[in-house]
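Open the model in your viewer and keep the selection box at hand. This tour goes stop by stop, with something to select at each one.

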Amino acid sequence: FRGLDVADMEFDKRTELCSAVVAETCEARDCALQVYQVGDDMVYSGGLCPKGNKDTSRRKTPNYVALYRKVLERHLARFTAPLDDAGERERVLIPRSLTFLNEKGTFYAALYRHLGFDVCISPESDDAIANLGANSAHSETCFPVKLAHGHAAYLKDHLRKGKDKILLVNAMAVEDAKRKFCPYVASAGFLAKDGLDFDNRDTLLPVIFFENSYFKVDQAVKADLDRVFGKRFGMKEIRSAIQKAQEAEKAFLDEIHTTGEKIFSGLKKKGEMVFVGLGRGYTVLDDKASSKVHELFQSYGLHFVPAFFFDLPNHDLDEIAPNMYWYQGQNILKGNLMVALDSSLFPVRETNFNCGTDSMILFHEEDIMNRAERPHLVLQTDGHNSNAQFGTRIMANYEVARTDAARPMEVEDF
């Protein structure tokens, strides 16, 4: 206890590079540190390469998360404009969060571009966006939902009232069967609108059921456009834009899966171990939500490949995980099965604190891996500025994985 005099001490917070403030920097990576000054005392936090917790003898592997994002950005570039370069045209501003990173980003961007809008995307998640989200989201939401609020708040500062709209999607489900998004994702648009006090006239709030024969995407998009613009957009125009957006989405996914097949086949020929990043796109592919654990694998010379590079096999899960209600949960379980059936693959499950659905999904994942007698690494990543705590777990898992003697398994064995 410093005493009550601490109230009168000088306090300062700033961001500095490690080399500027730490005498014995590791020199492997010049991390950005949070520097807190209380009186004459200095406290440092953050940093992504824990000194003494790295093996410099290993050759760094490619950053496959960055590769995924590079492909995504190239496809988005066909439909988007720079956020800070506002012209005379109406714009739709889209948060880079939640289902956008769950393979729908290209669809959203192409859809509204083909409807005649300029489309602008928020930048990659960072500390500033995370702080904006923490200040506006409900405290009990998971970290990715807080990030979604942060991206919406960031775009609000760039929104020109009366000219621009912000897209706040409420993604409900996929297909007719029970393949739902979690309640927070399904209501993400309305949560962000209310939390950030957006005007109804400034927001596009479509309630979308993807690939559903009862609740059509064209009807949902038209109802939302009619709410904001009246009868300006006809159904024929909307259906044409949706078809072009679906074609753009397919082109993106085809390239991702083709790239993934090349990566996997090349690594398999070399006898390399592949650590498959399992989870939701808005965790695995977001540097804040994932705490950049993929960069730790990379620095240790281990190949970390997001499961989104794989065209997952369409296994029937009814006997393996009965009544699996969640769309993303079904895909995560299919990824687990793919890993369990291939001795060269090893699962790395990224999850976030306060994810209620994962409390159920992880039970089934552990059952799959236990049946296959395979190691199973689970990392709870929540935007930590330092990922040092994951380093020892990753290397401990590696030591188990490299001596893993996987036995041949078939889907029927599960």
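**Stop 1: helix H15**

Start with what covers the buried residues of H15: the cover includes strand E10 (274-278), H12, strand E12 (345-351) and E13. This is a predicted model. Now select residues 388-401, which make up helix H15. Its buried residues are Phe390, Gly391, Ile394, Met395, Asn397, Tyr398 and Ala401. They cover an arc of only 160 degrees around the axis, which puts them on the same side of H15. Check the length too. With 14 residues at 1.5 Å a residue, H15 should span 20 Å, and its end C-alpha atoms are indeed 20 Å apart.

**Stop 2: helix H2**

Select residues 64-76 for helix H2. Which residues are buried in H2? Look for Tyr64, Val65, Tyr68, Arg69, Val71, Leu72, His75 and Leu76. Turn the view so that you look down the axis of H2. The buried residues fall within an arc of 155 degrees, so they line one face of the helix. Next, show what they pack against. The partners are helix H3 (105-114), helix H9 (235-269), helix H10 (281-284), helix H11 (287-290), helix H12 (293-299) and strand E11 (303-306). H2 has 13 residues, which at 1.5 Å a residue should span 18 Å; the end C-alpha atoms are 18 Å apart, in agreement.

**Stop 3: helix H5**

Move to residues 143-156, helix H5. How many of the 14 residues of H5 are buried? The count is 12, so H5 is mostly covered. Among the buried ones are Phe143, Pro144, Val145, Lys146, Leu147 and Ala148. The list also includes His149, Gly150, His151, Ala152, Ala153 and Leu155. Put a distance line between the end C-alpha atoms of H5: they are 20 Å apart, which agrees with the 20 Å that 14 residues should span at 1.5 Å a residue.

Now pick Phe143, which sits in H5. Is Phe143 buried or exposed? Its relative accessible area is 15%, under the 20% cut-off, so Phe143 is buried. Leaving out residues up to four places away in sequence, Phe143 touches Ala130, Lys288, Ala289, Asn352, Phe353, Asp382 and Gly383. Then jump to Glu175. Phe143 and Glu175 are 32 residues apart in sequence, and their C-alpha atoms are 27 Å apart in space.

**Stop 4: H4 against H5**

Keep H5 selected and add residues 127-136, helix H4. The axes of H4 and H5 come within 7 Å and cross at roughly 105 degrees. H4 and H5 are therefore roughly perpendicular to each other. On the H4 side, show Ile129, Ala130, Leu132, Gly133 and Ser136. They meet Phe143, Lys146, Leu147, His149, Gly150, His151, Ala153 and Tyr154 in H5. Color this contact by residue type: seven are nonpolar, five polar and one charged.

**Stop 5: H13 beside H14**

Select helix H13 (residues 327-340) and helix H14 (residues 356-372). Their axes come within 10 Å and cross at roughly 10 degrees. That makes H13 roughly parallel to H14. From H13, show Gly329, Ile332, Leu333, Asn336, Leu337, Val339 and Ala340. Facing them in H14 are Ile361, His364, Glu365, Ile368, Met369 and Ala372. The residues of this contact divide into nine nonpolar, three polar and one charged.

**Stop 6: two loop residues**

Go on to Glu373, in the loop between H14 and strand E13 (377-380). Its phi is near 55 degrees, a positive value in a residue other than glycine. Glu373 counts as exposed, at 54% relative accessibility.

Then find Asp197, in the loop between helix H7 (188-195) and strand E8 (203-204). Phi of Asp197 is also positive, near 55 degrees, in a residue other than glycine. At 63% relative accessibility, Asp197 counts as exposed.

**Stop 7: two acidic side chains in helices**

Select Asp218 in helix H8 (residues 217-229). Asp218 is buried, with a relative accessible area of 13%. Setting aside residues up to four places away in sequence, Asp218 touches Met235, Ile238, Arg239 and Ile242.

Finish at Glu261, in helix H9. Glu261 is partly exposed, with a relative accessible area of 48%. Add Asp311 to the selection. Glu261 and Asp311 are 50 residues apart in sequence, yet 8.5 Å apart in space, C-alpha to C-alpha.

Notes: Residues are numbered from 1 along each chain as its sequence is written. This is a predicted model: local features need pLDDT of at least 70, side-chain atom pairs count only at pLDDT 80 or more; totals for chains, interfaces and linings use all residues. Side-chain values use heavy atoms; hydrogens and water are left out. Axes are lines fitted to C-alpha atoms, for helices over the stretch in contact, and angles run from 0 to 180 degrees between N-to-C directions. Helices (H or I, at least four residues) and strands (E, at least two) are DSSP runs, numbered from the N terminus. Angles under 35 degrees count as roughly parallel, over 145 as roughly antiparallel, 65 to 115 as roughly perpendicular and the rest as oblique. Contact means heavy atoms within 4.5 Å. Ala, Val, Leu, Ile, Met, Phe, Trp, Tyr, Cys and Pro count as nonpolar, Asp, Glu, Lys and Arg as charged, and the others, Gly among them, as polar. The expected span of a helix is 1.5 Å times one less than its number of residues. Buried means under 20% relative accessible area, exposed over 50%, partly exposed in between (1.4 Å probe, protein chains only). The arc is that of the directions from the helix axis to the C-beta atoms.
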